[in-house]
Amino acid sequence: GAAFLQLPPRPVLSNASSGVPRAAGLVSLALFAALMAGLPLWALVSDGALASQIAGFYRAGALVFGGGHVVLPLLETASVSSGMVSNADFLAGYGAAQAMPGPLFTFAAFLGAMSSGPLSGWAGGLTLLCVIFVPGALLLAAALPFWDSLRRRPGVRNMVAGVNASVVGILLGALYDPVWTSAILGKADFGLALLLFALLVYARWSPVWVVLLAAFSGWSLGWLV
């Protein structure tokens, strides 16, 4: 056992296969592009709420880079602006999603379950949850066979760095609209937000307790104001 622990670590092979054939990667990329173009066209031609729901959530999953919070404006457009859920339900679900482990994309399940459209309840939540993850899965399958060669190119690395930098601005935009514009409506809201921020960042409170305190405080302010 001691001799085994002293063995040098196994080298990482830079040309290791991803396990995804190039043909499968190209098919995944073609399917991603076909759905990206075809779903909005279906929604436009059919003029139906079902097609609009699916197209909106697929677009939200396809256009997000760098972090889950970037998806907020896209989800708001697909759900609140379309009348699928109310703005209050959207913000309540976002707060609950922040207290839960896992990616923010699971917020789509809440929106689908709360929807007043054709897809609603548990079926709507499950369907829209799958829809929002499909484009990322297709892009991953499309990129894996070519990633080892792509990541060695300076142009690709610079492009990824540029995307990461732009995400910071998009995150600030998402913080302002819809979160700030919908939740901070007065001095009391601003003070509560500062308190919760301090408890989360400096006092190291669990996000679950911060969300519960925020919910109770918001309910109390609703009665007092």
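**Entry 1: Arg204**

I started with Arg204, which is exposed, with a relative accessible area of 69%. This is a predicted model, so I read every value below as computed from it. Arg204 sits in the loop between α9 (187–201) and α10. I then looked up its backbone: phi is near 60 degrees, a positive value in a residue other than glycine. I noted this because most residues other than glycine have a negative phi.

**Entry 2: helix α10**

From that loop I moved on to α10, which covers residues 207–224. Is Trp209 buried or exposed? Trp209 is placed in helix α10, and its relative accessibility of 56% is over the 50% cut-off, so Trp209 counts as exposed. I also checked its distance to Leu196: the two are 13 residues apart in sequence, and their C-alpha atoms are 9.8 Å apart in space.

Ser217 lies in the same helix, α10. Ser217 has 15% relative accessibility and counts as buried. What does the side chain of Ser217 reach? I found the backbone oxygen of Leu213, at 2.7 Å.

**Entry 3: aromatic pairs**

Next I turned to the rings. A pair of aromatic rings is described by the distance of the centres and the angle of the planes, so I wrote down both each time. Searching the whole structure gave me eight aromatic pairs. One of them joins Phe105 and Phe133 in an edge-to-face arrangement, 5.5 Å centre to centre with 65 degrees between the planes. I looked up where the two rings come from, and the pair links distant parts of the chain. Phe105 belongs to the loop between α5 (87–99) and α6 (107–114), while Phe133 belongs to helix α7 (residues 121–150), 28 residues apart. Phe105 is buried, with a relative accessible area of 14%, whereas Phe133, at 34%, counts as partly exposed.

The pair of Phe216 and Trp219 is tilted: I read 6.1 Å centre to centre and 35 degrees between the planes. Why are these two about one helical turn apart? Because they are three residues apart in helix α10, Phe216 and Trp219 are separated by about one helical turn. Both Phe216 and Trp219 are exposed.

I also found one aromatic cluster, formed by Phe90, Tyr94, Phe107 and Phe110.

**Entry 4: helix α6 and its cover**

Phe107 from that cluster came up again when I listed buried residues in α6: Phe107, Ala108, Leu111 and Gly112 are buried there. I looked down the axis of α6 and saw its buried residues fall within an arc of 135 degrees, so they line one face of the helix. What covers them? The cover includes α3 (49–62), α4 (71–79), α5 and α7.

For the α7 side I picked Leu129, which lies in that helix. Leu129 has a relative accessibility of 22%, so it counts as partly exposed; the buried class ends at 20%. Which residues does Leu129 contact once its neighbours within four places in sequence are left aside? I got Phe105, Thr106, Ala108 and Ala109. Phe105 is the ring that pairs with Phe133, and Ala108 is one of the buried residues of α6. I checked the Ala108 partner further: Leu129 and Ala108 are 21 residues apart in sequence, yet 5.2 Å apart in space from C-alpha to C-alpha.

**Entry 5: the chain as a whole**

Last, I stepped back to the full chain. How many helices and strands does the protein chain have? I counted 10 helices and zero strands, and from the N terminus on the elements run α-α-α-α-α-α-α-α-α-α. The radius of gyration is 22 Å, well over the 17 Å that the globule rule gives for 225 residues, so the protein chain is more spread out than a compact globule. I also took the span of the C-alpha trace along its principal axes, about 65 × 60 × 35 Å.

Of the 225 residues, 28% count as buried. The chain exposes about 13800 Å², and carbon and sulfur atoms supply 72% of that area. For contacts, I looked at those between residues at least 6 apart in sequence: 61% of them join residues at least 24 apart.

Technical notes: Residues are numbered from 1 along each chain as its sequence is written. This is a predicted model: local features need pLDDT of at least 70, side-chain atom pairs count only at pLDDT 80 or more; totals for chains, interfaces and linings use all residues. Side-chain values use heavy atoms; hydrogens and water are left out. Rings of Phe, Tyr and Trp (its six-membered ring) pair if their centres lie within 6.5 Å; planes under 30 degrees apart count as stacked, over 60 as edge-to-face and the rest as tilted. Helices (H or I, at least four residues) and strands (E, at least two) are DSSP runs, numbered from the N terminus. Buried means under 20% relative accessible area, exposed over 50%, partly exposed in between (1.4 Å probe, protein chains only). The arc is that of the directions from the helix axis to the C-beta atoms. Contact means heavy atoms within 4.5 Å. A polar contact is a pair of N or O atoms within 3.5 Å; within protein, one must be able to donate a hydrogen and the other to accept it, and residues adjacent in sequence count only if both atoms are side-chain atoms. The radius of gyration is taken over C-alpha atoms; the globule rule is 2.2 Å times the number of residues to the power 0.38. Accessible areas come from the Shrake-Rupley method with a 1.4 Å probe; for residues, only the protein chains shown count as cover.
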